[in-house]
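Q: Please take a close look at one buried or exposed part of this model, and then at the charged side chains elsewhere. Set out the cut-offs as you go.

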Amino acid sequence: MKILVVTPYSPRGVHDHAAGDLAAPFLGHLAGKVELHVYAADDSLGGPWTAPSGATLTMHGATPLRRVSRWRHLLPYPSGLRFDWQKQHTREVLQLIELLDPDVLHIEYLQPAEVALHAQSLPVTATFHDVSQRIALGAARKASGWRAIISWRDYLATRLLEWRLVRRAQHIFVFSERDQQFLASRRGNASVVRIGVDTLASPWIPDDFATCLFAGALWRAPNQLSVEFLVREVMPHVWRRNPAVRLRIVGARPPESLRVLAGDPRVELISDVPDLDIEFARASLNLAPSMVPAGVLLKALRAMSAGAPVVLNENAAAPIAGLVDGLNAVVASTGEQFAEAIVMLLDDPDRLALLGANGRELVARNYSWVACVADYVTRFDELARVRS
């Protein structure tokens, strides 16, 4: 069975957001089950690639990404997607389809959606790591002035493109029941898969019991909203009860607005670290609120896989399979509740350790690459049989 995966993010690249780095383990495990071809917009090399799993797949080189036009907001495609996926990539994939004649075309993320809309002769599947229109709606509601006009326009374009892909694809993979229900409202044929998460070799060993960590791609609007929530609505309540607590914010490409926000000496903002997993393992407490109803937060799962204790809000906790509040993580809603949880946990190292150990066990039990890839292969096989 021959599968062509089209994605913005190469499995042999290092990305500035956690989701992109799912590519290597996912595609590596998938390559052990099917004849796998991958076209990634940020990989121009091509040729065979041996994954950490030991399986080999074939990469197909892409034309390097070009500078995005400043007039992109006037074009029909969502402007933000053009940074990672451009028209020449769609043309190259359509030519590749003619050459390979794959059994199934699989789309990762929304960026390459236009490939599926043009490739009408093939069965198509797609993975929605998030429901992008909900993320775009949150950004539009936050924007003001002329940026609001652009943001609302991008939301409408994103919504249209996403629903077109849902109608075109024979199947959509999502990471939470909430996303599945949302797509089902538009008759999307979606199923929930649980992404694999490798249990981190370095267990939770905090440097102290006074450092809270938020980690995420800081150029993404949802993460910026989370940082604003923590700095403005949570930490002032924490500091009134324990002035020694520090907030460490780690992530790529923070905008100037976040640098200004992190003005208190007890707030540390770092744009680049050598190993994010070490950050999770060394923090006293990992904070992972989500201000939008997104899918599974990888920052939460990666922290839990290290045995690190985590505080979530309901948006972040709901998609995590099997999570029990107070057992595997603590769930809080308002800024005051978040602060209460932080102060309580930092005063109880034994409770922190138990919470982390239970979270680690949950991830090991429920988030396996073997099970994840088996779900994909089953669906690919069904579609390939129908086509033949």
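A: **Packing and charged pairs**

The buried residues of helix H10 pack against strand E9 (211-215), helix H7 (221-241), helix H9 (276-282), strand E12 (285-288), strand E13 (310-312) and helix H13 (349-366). The model is predicted, so local features need pLDDT of at least 70 and side-chain atom pairs pLDDT 80 or more, while totals for chains, interfaces and linings use all residues. Residues are numbered from 1 along each chain as its sequence is written, and side-chain values use heavy atoms, with hydrogens and water left out.

Buried means under 20% relative accessible area, exposed over 50%, and partly exposed in between (1.4 Å probe, protein chains only). Contact means heavy atoms within 4.5 Å. Helices (H or I, at least four residues) and strands (E, at least two) are DSSP runs, numbered from the N terminus.

Helix H10 spans residues 298-305, and 8 of the 8 are buried, so the helix is largely enclosed by the rest of the structure. The buried set is Leu298, Lys299, Ala300, Leu301, Arg302, Ala303, Met304 and Ser305. Thus Lys299 and Arg302 are buried along with nonpolar residues such as Leu298 and Met304. After H10 comes Gly307, with a positive phi near 75°.

Charged side chains also pair up. A salt bridge is a side-chain nitrogen of Lys or Arg within 4 Å of a carboxyl oxygen of Asp or Glu, and this rule gives a count of 16.

One of them joins Asp130 to Arg220, with the closest N and O atoms 3.9 Å apart. Asp130 sits in the loop between strand E6 (124-128) and helix H4 (132-142), and Arg220 in the loop between E9 and H7, so that distant parts of the chain, 90 residues apart, are linked. Arg220 is partly exposed, at 26% relative accessible area.

Arg246 and Asp208 form another salt bridge, at 2.4 Å from N to O. Arg246 belongs to strand E10 (residues 246-250) and Asp208 to the loop between strand E8 (190-192) and E9, so this pair ties together parts 38 residues apart in sequence. Both partners are partly exposed: Arg246 at 35% relative accessibility, Asp208 at 23%.

In a further salt bridge, Glu340 meets Arg241, and the closest N and O atoms are 2.4 Å apart. Glu340 is in helix H12 (residues 335-346) and Arg241 in helix H7, so parts 99 residues apart in sequence are tied together. Glu340 is partly exposed at 39% relative accessibility, whereas Arg241 is exposed, with a relative accessible area of 51%. Elsewhere, salt bridges that share partners join Lys142, Glu228 and Arg232 into one network.

Asp21 lies in the loop between strand E1 (2-7) and helix H1 (23-31). Asp21 is partly exposed, at 31% relative accessible area. Apart from neighbours within four places in sequence, Asp21 is in contact with Gly13, Val14 and His15. The C-alpha atoms of Asp21 and Arg246 are 28 Å apart, with their positions 225 residues apart along the chain.
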